[in-house]
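Me: Could you take a close look at one part for me, the open sheet and what packs or bonds around it? I'd like the cut-offs spelled out as you go.

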Amino acid sequence: MALPIIFISSESRTARRKLADDLARKLGCKCLCREDLIDDATRAGIPVGKLEVAMVKSPAMSEKLARQKERYLAFITATLCELAQKECFVYHGRAGHLLLPNIPHMLRVRLVVPHETRVLEAMEELRLSRERAVEYVKNVDEDIERWIRYFYGVRRDEPGQYDIVINLENMSLANASAMLCSIAELPDFRPTPASLKTMENRTLEACARKCLAMDPLTADADLRVRADDGVVTVTYMPRQPGVADVIPQVLEKLEKCRQVMCTMASTNILWIQERFEPQCETLNQLNQIAKRWDAAIELVRFTVPSDVENLFVSSKAGEKPETEAVAAGSFERLTQEYNGGIEDDVEDPKRDEGGIQDTIQELVNLGRSGGASTISGNFHSLLSRVRKDVKYSLIVVGDLFLSKPAETRSRLRRELSGYLGDRLNIPIINSEELQQKYLVGKKQVFKLGAYGAIVFLMYLAVFQFQEPILSFLSASDRIQDRILRMAAILIVIPVVAYIYGTFASLLLKFLKFE
């Protein structure tokens, strides 16, 4: 009988290992653990230890380190997918189920071990005092939480990511194993032709990602990979056109790949701001828009020096604005030996001012990095930074002029938007307008329902009262009646057009039509 792939996630290595070993023995399948994958990745040249230490020590990671994280994820995902193509297995680790989302024949188990049990395990295995064991368990929990949030962007305790949660407070491991054996035999988790096809596509996609991430020719490129029925589609950013020539070369020996298609992300969104925050709502909204448009997000950190007197005129002859490229996106072949993303003697990586490095790293994680730069000057300096070789679909003006009073900030932002709008044939909006103009939130859904109801009532009224309406429009030709009809038409038609137009606009936005 075909069995599902089983993932057991827990902070307690001892408990999850015992449960996984017993379950695999009963089901007659292979048992695999996180430590096995780490050993394989290390042998492949990925120093996972350095990556983990750097992540735990500082959440402010460089773009280089973020790329090595992608390299690690690509490797272990491909390893799991290749094994899943051959046989079922039981995997135990921290959050392995997040590596293979949307696979139907997968059983995701969350194992909760009582805190006191874990403290006693630490005391026995590590020979610690109770006080130090409690501190050790606390630190382990914090590190695992940080690891999962950084790598997968979720909290480990979110129940929606698991099929079943087992609390060992009142249940033994033996009974938990017996229960999972019964659940694994349910038809809900058995492989089907459709789920196996999904797994086949996912395996090809993962292997392609692994090849691209491990090859020096493409390791520094921002790529998105999709696979469907043997066709691998790789999308690259507009700022990296040179990578298109080497992608087929890197993937030419990929098994079960019938065709490689290279496409460039269709457009860029330019986000101008003075200080960036990778967890802000604006980035979340821009990411949603970028997904719909298949776009990259380019960052420009813009500041105005205090000695600038005129915000509009160009710089003096021979004088150039102060510009610094950050993750500028030029495509270069790697020539250095990989050092794990951090220097051995550097414990606290220097954070860049303005949060631009953290944000570009988050965009790398999302696969939406369009590069970034920092510029200090006036409006003309900023205008000269807008690249002519890139197609921009939208320019978003965020928080700027932070040292100014609120009213002055608003005025200067309006002036900057007007200045750029007069010189660029590109839509320009403030960051506060993103939700209203491009996304559908609770407010927009309520508004859609309200305007839809009004449109329905208008049409219902027209059909219900056709005769009175026609009688009014064809009444006597007295001058008073003509004036009244004309006034009614002049008032009613614009109102109806506004209501219907607003409803249609909201409906198209809800259906994700631009």
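Reply: Here is a walk through the sheet, then the contacts around it, then a few salt bridges elsewhere.

Bear in mind that this is a predicted model: local features need pLDDT of at least 70, side-chain atom pairs count only at pLDDT 80 or more, and totals for chains, interfaces and linings use all residues. Residues are numbered from 1 along each chain as its sequence is written, and side-chain values use heavy atoms, with hydrogens and water left out.

The sheet is open and has 5 strands, in the order β2-β3-β1-β4-β5, with parallel pairing. Strands here are DSSP runs of E, at least two residues, and helices are runs of H or I, at least four residues, numbered from the N terminus; two strands pair if DSSP finds at least two bridges between them. The edges are β2 (30-33) and β5 (164-167), each with a single partner strand, so one side of each has no neighbour in the sheet. From one strand to the next, the twist averages 20°. Angles run from 0 to 180 degrees between N-to-C directions, with axes taken as lines fitted to C-alpha atoms, for helices over the stretch in contact.

Zoom in on the β2 edge. Strand β2 is joined to β3 (residues 89-93) by 4 bridges, and the two run parallel. Cys-33 has His-92 in β3 as its bridge partner. Helix α1 (residues 13-27) packs on the sheet, touching β1 (5-9), β2, β3 and β4 (106-112), and its direction makes about 180° with that of β3. Contact means heavy atoms within 4.5 Å.

Now the aromatics. The whole structure has 7 aromatic pairs. One of them is Phe-7 with Phe-89, edge-to-face at 6.0 Å centre to centre and 80° between the planes. Rings of Phe, Tyr and Trp (its six-membered ring) pair if their centres lie within 6.5 Å; planes under 30 degrees apart count as stacked, over 60 as edge-to-face and the rest as tilted. Phe-7 sits in β1 and Phe-89 in β3, so this pair links parts of the chain 82 residues apart. Both Phe-7 and Phe-89 are buried, where buried means under 20% relative accessible area, exposed over 50% and partly exposed in between (1.4 Å probe, protein chains only). Ring pairs also bring in Tyr-91, giving a cluster with Phe-7 and Phe-89.

Back to α1 for the charges. A salt bridge is a side-chain nitrogen of Lys or Arg within 4 Å of a carboxyl oxygen of Asp or Glu, and the structure holds 21 of them. Arg-16 and Glu-35 form one, at 3.5 Å, N to O. Arg-16 lies in α1 and Glu-35 in α2 (residues 34-43), so the pair ties together parts that are 19 residues apart in sequence. Arg-16 is buried, with a relative accessible area of 4%.

Two more pairs are worth listing. Lys-69 and Glu-70 meet at 3.3 Å, N to O; Lys-69 is buried at 1% relative accessible area, whereas Glu-70 is partly exposed at 21%. In α6 (residues 130-152), Arg-146 and Asp-143 are 3 residues apart, about one helical turn, and their salt bridge spans 3.2 Å, N to O. Arg-146 is partly exposed at 31%, and so is Asp-143 at 27%. Finally, a network of salt bridges links Glu-11, Arg-110, Arg-118, Asp-141, Glu-145, Arg-155, Arg-156 and Asp-157.
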